[in-house]
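Dear colleague,

I am passing on the structure below, together with notes on what was found in it. Please read the notes with the coordinates open beside them.

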Amino acid sequence: MPLYHEGNRTFQDRFDTRRLADRIEERIVHDAIDEDDRAFIEARDMFFLATVDAAGAPQSSYKGGELGFVRVLDEQTIAFPSFDGNGMYLSLGNIAETSRVGLLFIDFDGQKRLRLNGVASIDPVDPLLVEYPRAQCIVRVRATEVFPNCPRYIHKLQLVERSRFTPRADCEPPVPDWKRREWARDVLPAGDPAND
């Protein structure tokens with residue numbers, strides 16, 4: 001699949017960046033995860049996930065976990081857990097329909113970012129499930145494009161505190177307040193800790 005379509009080319013021509021875009025594709029965009037990419041991905045504790053449904057409607061979501069919760073399995077494949085959320089399953093549903101995903105990893109402290117686009121799959125009995133406490137399923141992504149992205153506009157931020165809701169092997173995460181609100185209590189799934 002070509003990286004650029006006519007919409008991209010229209011703007012590249014308008015702003016005279018077609019040569020630059022072609023050079024970036026030639027020199028920087030690749031379809032494999034190298035050792036530098038691996039180190040960067042596995043050192044992150046969050047990323048942004050973009051998906052699209054069969055009608056083309058997009059969704060984007062924040063995914064967070066412990067450091068290294070995204071694993072590089074080989075030069076083509078990464079895997080990450082899907083934890084309990086709000087029950088809408090917008091990202092997972094889109095993956096089931098179209099499988100196309102875009103991931104954006106950002107190091108706010110070091111002001112660096114990496115894009116990984118690919119084809120995702122979900123296996124309800126993935127062998128990695130046992131390695132992620134409280135994961136509902138594992139998403140695997142076969143990379144089609146991997147490339148660093150210009151860091152110019154990344155604000156320098158530092159982590160103040162990790163979410164207390166992040167699943168860990170050594171403790172039970174607290175129940176989020178919204179699950180105890182009247183509008184949600186009677187429609188929570190069976191077995192949800194908020195039902196206790």
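**What was found**

Arg-9 is found in helix H1, which covers residues 6–14. Please keep in mind throughout that this is a predicted model. With a relative accessibility of 14%, Arg-9 counts as buried, because the cut-off for that class is under 20%. Once its neighbours within four places in sequence are left aside, Arg-9 is in contact with Tyr-4, Arg-18 and Asp-22.

As for the overall layout, the protein has 5 helices and 7 strands, and along the sequence these follow the pattern α-α-α-β-β-β-β-α-β-β-β-α. The C-alpha trace spans about 60 × 35 × 35 Å along its principal axes, and of the 196 residues 36% count as buried. Among contacts with a separation of 6 or more, 63% are accounted for by residues 24 or more positions apart. The accessible surface comes to about 12400 Å², and 53% of that surface belongs to carbon and sulfur atoms.

Turning to enclosed space, the structure holds 1 cavity of 30 Å³ or more, and the volume of the largest cavity is about 40 Å³. Its lining is made up of Leu-49, Lys-63, Phe-80, Ser-82, Ser-91, Leu-92, Ile-95 and Val-139. Two elements, strand E4 (77–83) and helix H4 (90–98), give two or more residues to this lining, and the largest share, 3 residues, comes from H4. Sorted by class, the lining of the largest cavity has 5 nonpolar, 2 polar and 1 charged residues.

The loop between H4 and strand E5 (100–107) is where Ser-99 is found. Ser-99 counts as buried, since its relative accessibility is 18%, and, not counting residues up to four places away in sequence, Ser-99 touches Asn-94, Gly-118, Val-119 and Ala-120.

The second largest pocket may also be of interest to you. About 900 Å³ of space lies in this pocket, and 26 residues line it, of which Leu-3, Tyr-4, Asn-8, Arg-115 and Phe-147 lie nearest its centre. At least two lining residues of the second largest pocket are supplied by each of H1, helix H2 (18–27), E5, strand E6 (112–123) and strand E7 (135–149), with E7 giving the most, 4 residues. By class, this lining has 15 nonpolar, 7 polar and 4 charged residues. Tyr-4, named here as one of the residues nearest the pocket centre, is also one of the contacts of Arg-9.

Last come the aromatic rings, for which the count comes to 5 aromatic pairs. The ring centres of Phe-48 and Tyr-62 are 5.9 Å apart and their planes stand at 70°, so this pair is edge-to-face. The pair links distant parts of the chain, with Phe-48 in strand E1 (residues 46–52) and Tyr-62 in strand E2 (residues 58–64), 14 residues apart. Phe-48 counts as partly exposed, because its relative accessibility is 32%. Trp-178 and Trp-183 form a stacked aromatic pair, with 5.8 Å from centre to centre and 15° between the planes. Within that pair, Trp-178 counts as partly exposed at 26% relative accessibility, whereas Trp-183, at 58%, counts as exposed. In addition, Phe-47, Phe-69, Phe-80 and Phe-105 form one aromatic cluster, and Phe-80 is also among the residues that line the largest cavity.

With best wishes

Technical notes:
Residues numbered from 1 in each chain as written. Predicted model: local features only at pLDDT ≥ 70, side-chain atom pairs only at ≥ 80, totals over all residues. Heavy atoms only, no water. Buried < 20%, exposed > 50% of the residue type's maximum accessible area, 1.4 Å probe, protein only. Contact = heavy atoms within 4.5 Å. 1 Å grid on protein atoms, 1.4 Å probe; cavity = no way out; pocket = protein on both sides within 12 Å on 5 of 7 lines; lining within 4 Å. Points joined across faces, edges and corners; volume = space filled by probe spheres on them. Nonpolar A, V, L, I, M, F, W, Y, C, P; charged D, E, K, R; others polar. Areas by Shrake-Rupley, 256 points an atom, 1.4 Å probe, with all protein chains shown as cover. Phe/Tyr/Trp six-rings, centres within 6.5 Å; stacked < 30°, edge-to-face > 60°.
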